[in-house]
Amino acid sequence: MSNSYSENILVQEAAGHLLQNELGWEVHFAYNTEVLGENGTFGRTSYKEILLTRYFRAALQTLNPWITPTQIDEAQRKMEGTLSTASLMQINEEKYTLIRDGIPVTVRKPGGRTEVKYAQIIDFQHPTDQSRNLFLAVKEMKIYGDYYRRRTDIVGFVNGIPLLFVELKKNTVDVENAYTDNYTDYLDTIPHLFYYNALLILSNGVEAKVGTLGSKFEFFHEWKRLSEDDEGNVALETMLRGICKKENFLD
């Protein structure tokens, strides 16, 4: 193992410990330990899958007691489906609407009539209720595209939906390298990782920047304070505490 890689892992481990021990996320290390299959580690049947359907379907059932297995299948198809002509930004906007407003599913009525009902997939009213919102951070996750294979530093899921992307560098490397060397590469090679993405964090441990899909690096910003009285700190720990606190993250 190279020294550079070891230093990256130290930053990654520190982030994982903070997410788990302080912010209450489940944290798992996946590289060479993930078992594929419906009964595997995360329920993925291939490395191409990015929506963790095991958690997604469980959340649908929990948050919508009225929902049927057929409606859960319909909701999953709509959540995973995309138009071949849609851009990544268009897909992301569509998924955001489904996450915010719910997924329309068909309800069959007597006499052959149907109506639409919206199935919620995140409980925004009770962000810290672990029985309703599962926050999961996966370190070193293999993700395969059509032609390329990549391994991400940290991907954060809520009810199986990959909303958070974290790219980490060792502390002697400029944060911009995380954008130019890694993030832009992932956009080209595994774009489906970002279909559902809400937040992007780039950091070398000492400095951290946050942005959204489509933003140029100059529009990524620091998160310096947890409250107005703080002196200000651009470190990764400050950003994680500010953004990944469950109430803040869902807000």
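This short presentation covers the pockets, the nonpolar core, one helix and several individual residues of the structure shown above.

Good morning. Please keep in mind throughout that this is a predicted model.

I begin with the pockets. The largest one has a volume of about 490 Å³. Its lining comprises 22 residues, and those nearest the centre are Tyr96, Ala198, Leu199, Phe249 and Leu250. Which helices supply at least two residues each to this lining? They are α4, spanning 88–101, α6, spanning 236–243, and α7, spanning 246–250. Of these, α4 provides the largest share, with 7 residues. In terms of chemical class, the lining of the largest pocket divides into 14 nonpolar, 4 polar and 4 charged residues.

The second largest pocket has a volume of about 190 Å³. Among the residues that line it are Lys48, Asp146, Asp188 and His192, together with the tyrosines Tyr144, Tyr147, Tyr148 and Tyr195. Here the lining consists of 5 nonpolar, 3 polar and 3 charged residues.

I turn next to the interior. The largest nonpolar core contains 69 residues, and those touching the most other members are Trp25, Met79, Ile161, Ile201, Leu202 and Phe249. Phe249 has already appeared in this talk, as one of the residues nearest the centre of the largest pocket. Met79 deserves a separate word. Leaving out residues up to four places away in sequence, Met79 touches Leu51, Phe56, Lys95, Leu98, Ile99, Ile103, Ile121, Ile161 and Tyr196.

Met79 is also one of the buried residues of helix α3, along with Gln71, Ile72, Glu74, Ala75 and Gln76. This helix covers residues 69–80 and has 12 residues. From first C-alpha to last it reaches 17 Å, close to the 16 Å expected at 1.5 Å a residue. What do the buried residues of α3 pack against? Their partners are α2 (53–63), α4, β2 and β6 (161–168).

Within α3, consider Gln71 in particular. Gln71 counts as buried because its relative accessibility is 8%, and the cut-off for that class is under 20%. Beyond its neighbours up to four places away in sequence, Gln71 touches Trp66, Val105, Thr106 and Val107. Gln71 and Lys117 are 46 residues apart along the chain, with their C-alpha atoms separated by 9.8 Å.

Lys109 offers another case. This residue is located in the loop between β2 (103–108) and β3 (114–119). Its relative accessibility of 31% makes Lys109 partly exposed. Apart from neighbours within four places in sequence, Lys109 is in contact with Thr114 and Glu115. Lys109 and Lys78 are 31 residues apart in sequence, and their C-alpha atoms lie 21 Å apart in space.

Finally, some remarks on backbone geometry. Most residues other than glycine have a negative phi. Two asparagines call for attention in this respect. Asn32 has a positive phi, near 60°, and Asn159 has a positive phi of about 50°. Asn32 lies in the loop between β1 (26–29) and α2, whereas Asn159 is found in the loop between β5 (149–158) and β6. Are these residues buried or exposed? Asn32 is exposed, with a relative accessible area of 59%, while Asn159 is buried, at 3%.

That concludes the presentation. Thank you for your attention.

Technical notes:
Residues numbered from 1 in each chain as written. Predicted model: local features only at pLDDT ≥ 70, side-chain atom pairs only at ≥ 80, totals over all residues. Heavy atoms only, no water. 1 Å grid on protein atoms, 1.4 Å probe; cavity = no way out; pocket = protein on both sides within 12 Å on 5 of 7 lines; lining within 4 Å. Points joined across faces, edges and corners; volume = space filled by probe spheres on them. Helix = DSSP H or I, 4+ residues; strand = E, 2+ residues; numbered from the N terminus. Nonpolar A, V, L, I, M, F, W, Y, C, P; charged D, E, K, R; others polar. Core = buried A, V, L, I, M, F, W, Y, C linked by side-chain atoms within 4.5 Å. Buried < 20%, exposed > 50% of the residue type's maximum accessible area, 1.4 Å probe, protein only. Contact = heavy atoms within 4.5 Å. Expected span 1.5 Å × (residues − 1).
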